[in-house]
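This briefing introduces a structure to a reader who has not met it before. Please keep the sequence and the 3D view at hand while reading.

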Amino acid sequence: MGSTRDLETEKSDSEEAESGKGTWKQAAFHVATTIATPAAYAPLPFAIASLGWPLGVSSLVSATLATWYSSFLIASLWKWNGEKHFTYRHLAHSIFGLWGYWSIAIFQQVASLGNNIAIQIAAGSSLKAVYKHYHHNGTLTLQHFIIFFGIFELLLSQLPDIHSLRWVNALCTFSTIGFAGTTIGVTFYNGKKIDRTSVSYSLHGSSASKFFKAFNALGTIAFSFGDAMLPEIQNTVREPAKRNMYKSISAAYTVIVLTYWQLAFSGYWAFGSEVQPYILASLSIPEWTVVMANLFAAIQISGCFQIYCRPTYGYFEEGTGLKSNKSTTYFPYRNRLTRLIFTSIYMVLVTLIAAAVPFFGDFVSICGAIGFTPLDFVFPALAYLKAGRAPNNSKLGPFLRPLNILIATCFSLVAILGCIGAVRLIVEDIKNYKFFHDM
């Protein structure tokens with residue numbers, strides 16, 4: 001399985017199963033749905049609060065620019081050696097060899113699994129908030145809504161590939177804009193209703209606590225720009241794939257900048273150091289707008305979940321031959337049953353963890369630190385250098401190499417610090433809460 005021949009077989013299967021048919025606009029929907037999920041930017045005000053205004057603003061802006069640049073680097077590596085690379089891990093294999101393949105495979109699985117646990121908690125929290133609005137004395141708990149969401153995702157998991165989700169993700173992108181617009185507006189409204197003299201922007205706790213919260217915040221910011229699926233998305237785009245992907249990334253990041261920064265800064269301004277890890281938990285009035293924001297969040301998260309479970313499904317399909325044309329022709333019903341069994345096992349695992357340990361902010365941070373940071377910041381810079389794509393004859397050539405080295409070094413440090421902060425907070429939360437706690 002670890003041989004080059006096996007990897008080439010996987011690649012061949014992928015080539016048969018997938019071809020670029022999507023437009024750049026559809027790819028933009030995929031990119032925006034993958035990155036700009038409510039679960040990603042809802043914790044940003046809390047991250048800013050853990051860092052304070054100067055460091056918080058500079059960290060968010062720097063991460064935005066770095067990940068935008070890194071996304072262009074990944075898109076530019078499309079057919080870098082004359083071959084089409086259908087997944088992130090196959091791109092890594094073409095540049096770094098087997099160790100690159102398995103490194104990306106591990107990071108991608110950590111990012112995908114951690115992301116889906118975190119956003120399933122967020123989806124359950126949003127659905128519970130809507131339920132409580134209409135049934136104040138209702139007996140359903142957060143765990144019930146996490147299970148309901150898991151059942152719905154199991155149904156969506158029967159769709160064959162990312163391209164088949166294009167209309168789902170179009171709806172999700174509009175839900176992203178709706179969520180951001182509603183939440184930002186309600187945040188300003190709540191902020192103006194609060195006695196501004198009571199709002200504090202100082203960092204609370206001991207010196208050690210402040211440091212760990214700051215480390216955790218760095219992981220949260222990294223998570224907010226998580227996109228471990230760019231090559232898979234680019235594979236759905238029609239030629240010219242590079243140019244179309246550049247358009248898709250630019251369109252998606254326009255949405256991101258217009259939503260992330262406003263929500264992060266307005267949320268911290270409105271509630272100061274008391275802002276909650278999930279911004280919707282800090283909002284109270286008017287109730288109908290809070291309900292609407294939670295509905296937008298649940299809709300958007302449903303598409304993001306699907307994008308991130310696809311790498312895991314891809315491993316399974318490659319291992320069992322479900323992508324083989326021969327297998328699909330002669331055993332269609334058996335393939336569907338096999339897929340249903342595997343996706344059911346996956347959903348039960350993710351749902352069980354989310355329900356048992358519903359610490360949204362902690363999962364966000366640790367997933368960002370050890371999953372998304374290597375994939376979105378460190379690997380693109382190193383891969384671009386290793387592939388020798390830096391233009392030596394252009395005016396930018398001499399600056400790109402030190403820039404990429406700087407990005408890879410700084411965000412490797414962010415990954416280490418973010419992981420330390422996240423693990424420490426998870427340990428603290430486990431001490432304070434029981435498993436299956438109704439948050």
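**Helix packing, core and a buried helix**

Helices H4 and H5 cross in a right-handed manner (the near helix is turned clockwise from the far one by less than a right angle). The model is predicted: local features need pLDDT of at least 70, side-chain atom pairs count only at pLDDT 80 or more, and totals for chains, interfaces and linings use all residues. Residues are numbered from 1 along each chain as its sequence is written, and side-chain values use heavy atoms, leaving out hydrogens and water.

**H4 and H5**
- Helix H4 (residues 44-51) packs against helix H5 (residues 53-76) at an angle of about 130 degrees, the axes being 6 Å apart; helices are DSSP runs of H or I with at least four residues, numbered from the N terminus.
- H4 and H5 are therefore oblique to each other, a class for angles outside the ranges under 35, 65 to 115 and over 145 degrees.
- H4 contributes Leu-44, Ile-48 and Leu-51 to the contact, and residues from H5 include Trp-53 and Leu-60 (contact: heavy atoms within 4.5 Å).

**Nonpolar core**
- The largest nonpolar core (buried Ala, Val, Leu, Ile, Met, Phe, Trp, Tyr and Cys residues joined through side-chain atoms within 4.5 Å) has 102 residues.
- Its largest share, 11 residues, comes from helix H12 (residues 241-271).
- Tyr-41 is among the residues with the most contacts inside this core, and Tyr-41 touches residues including Phe-179, Tyr-260 and Leu-263.

**Helix H6**
- Because 8 of the 9 residues of helix H6 (residues 88-96) are buried, H6 is largely enclosed by the rest of the structure (buried: under 20% relative accessible area, 1.4 Å probe, protein chains only).
- Among the buried residues of H6 are Arg-89, His-90 and His-93.
- Gly-97, just after H6, takes a positive phi of about 90 degrees.

Technical notes: Buried means under 20% relative accessible area, exposed over 50%, partly exposed in between (1.4 Å probe, protein chains only). Helices (H or I, at least four residues) and strands (E, at least two) are DSSP runs, numbered from the N terminus. Axes are lines fitted to C-alpha atoms, for helices over the stretch in contact, and angles run from 0 to 180 degrees between N-to-C directions. Lists of a residue's contacts leave out its neighbours within four places in sequence.
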